[in-house]
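Hi,

Here is the structure I said I would pass on to you. Have a look at it first, and then read my notes below.

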Amino acid sequence: MVSAACGAAGLLALHSAVPNGAGRLGSLLETFLPWLGTAVPVLGCLALLRRSWAGLLACLAPLAVWLWMFGGMWWSSAGGPSDLTVVQHNVADDNADPAGTARALRASRAGLVAVQELTPTARPVYENVLGASHPHRAVHGTVGLWSAYPLSDVRPVDIRPGGFPESWRRALRATVSAPGGQVAVYVVHLPSVRLGPTGLASAARDESAALLGERIAADPAGRLLVVGDLNGTVQDRGLAPLTSRLHAPPTGFAFSWPAGLPVARIDQVLGRGAEVTEVSALEATGSDHLPVLGRVLLR
């Protein structure tokens, strides 16, 4: 009991020491890292059943580490001050109700709506539903940005891993003239990962993240947002070449995938020079992801 509690605390505190060679075990652990906290009530109950006071006291170690790492995310600052709201959603290319999904995104009242897996068939539906409230738009391949504010300097961003065809177009950049000032917005969709007998297959995603990280580093914009489906959590070291250049919101777990039973937030709103103060998950649509809403301070 004591050793199990100490092991859980060690995995939480020293997750970066878990090797990421074969099978990307480190990234796999970090994808679901907050869930290691469930070991505390389980081990605590077992300790009570066995009347092991040493085991019960040992549970304080993983509890303390979990609160240190994730406690701040437990309390949401929803409704706090913001200059800009952004809703991010992988709308799913097999979504049977794109109109309903578009209406749900419009109902969020966000100034920016970023989507991935946008198909040629569904695109006119989103244009029709979002057009009145978000008259400015930019679309490249399967990613799109609808904005209530003017857009400029719209351009595609090439983050294709080696061997991917030119038809793979999953990133764009636009400058948004928001009420709080101009901000560069990247809308992105990194390659999918697969979990199999040999572990986590994330090489293509990691390569794409590194390419995007290089673009972010070279971007002169003073205020910048990266919004999209990163197919990974901010704790996943495979995304570090990108996420190390950006700041994640301090509150809100906002698990977004899978929609039926969300266990991880792989849909992100990250900032540089623009503070993402809070992120929250919205109600399910016809997608296998939940939309997430980010609040941003530009001042």
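**What lines the pockets**

Sorted by class, the residues lining the largest pocket are nine nonpolar, seven polar and six charged. Before you go further, keep in mind that this is a predicted model. The largest pocket encloses about 390 Å³ of space. Its lining has 22 residues, and Val193, Arg194, Asn231, Trp257 and Ile266 are the ones closest to its centre. If you want to find the spot by secondary structure, look for helix 2 (25-31) and strand 8 (194-196), since each of them supplies at least two residues of that lining.

The second largest pocket comes in at about 240 Å³. Here 15 residues make up the lining, with Met73, Val234, Gln235, Ala248 and Pro249 closest to the centre. Helix 5 (residues 60-74) gives the most to this lining, with four residues. By class, the lining of the second largest pocket splits into nine nonpolar, five polar and one charged.

**The cavity**

How many cavities of 30 Å³ or more does a search of the whole structure find? Just one. The space in that largest cavity is about 110 Å³. Its lining is made of 15 residues, and those nearest the centre are Pro34, Gln235, Phe253, Phe255 and Arg265. Ten of the lining residues are nonpolar, four are polar and one is charged. You may recognise Gln235: it is among the residues nearest the centre of the cavity, and it is also among those closest to the centre of the second largest pocket.

Phe253 is worth a click as well. You will find Phe253 in the loop between helix 9 (240-243) and strand 11 (267-272). Phe253 has a relative accessibility of 15%, so it counts as buried. Phe253 and Ser280 are 27 residues apart along the chain, and their C-alpha atoms are 7.2 Å from each other.

**Strands 5, 6 and 7**

Next, turn to strand 6 (residues 171-178). Why is strand 6 described as largely enclosed by the rest of the structure? Because seven of its eight residues are buried. On one side of the pairing list is strand 5 (residues 151-156), which runs antiparallel to strand 6 with four bridges between them. If you want a pair to look at, Pro156 stands opposite Leu172 of strand 6. Strand 6 also pairs with strand 7 (residues 181-189), again in the antiparallel sense, this time over eight bridges. Within that pairing, Ser177 has Gln182 in strand 7 as its bridge partner. The link from strand 6 to strand 7 is a hairpin through two residues.

**Two loop residues**

I also picked out a couple of residues in loops. Asp219 sits in the loop between helix 8 (203-218) and strand 10 (224-229). Is Asp219 buried or exposed? Its relative accessibility is 8%, so Asp219 counts as buried. Setting aside neighbours within four places in sequence, Asp219 is in contact with Arg173, Tyr186, Leu224 and Arg272.

Ser108 is in the loop between helix 6 (98-107) and strand 2 (112-116). With a relative accessible area of 18%, Ser108 is buried; the cut-off for that word is under 20%. Not counting residues up to four places away in sequence, Ser108 touches Val87 and Leu282.

**Cysteines**

Last topic: disulfides. The structure has zero of them. Cys45 is in no disulfide, and the cysteine sulfur nearest to its own, that of Cys59, is 9.0 Å away. A disulfide needs the two sulfur atoms within 2.5 Å, so that pair does not qualify. Cys59 is likewise in no disulfide, with the sulfur of Cys45 as the nearest cysteine sulfur at 9.0 Å. As for their surroundings, Cys45 counts as partly exposed at 48% relative accessibility, whereas Cys59 counts as buried at 5%.

That is what I have so far. Happy browsing!

Note on methods. Residues are numbered from 1 along each chain as its sequence is written. This is a predicted model: local features need pLDDT of at least 70, side-chain atom pairs count only at pLDDT 80 or more; totals for chains, interfaces and linings use all residues. Side-chain values use heavy atoms; hydrogens and water are left out. On a 1 Å grid over the protein atoms alone, a cavity is a set of points where a 1.4 Å probe fits but cannot get out, and a pocket is an open set with protein on both sides within 12 Å along at least five of seven lines; lining residues have an atom within 4 Å of a point. Grid points are joined across faces, edges and corners, and a volume is the space filled by probe spheres set on the points. Ala, Val, Leu, Ile, Met, Phe, Trp, Tyr, Cys and Pro count as nonpolar, Asp, Glu, Lys and Arg as charged, and the others, Gly among them, as polar. Buried means under 20% relative accessible area, exposed over 50%, partly exposed in between (1.4 Å probe, protein chains only). Two strands pair if DSSP finds at least two bridges between them. Contact means heavy atoms within 4.5 Å.
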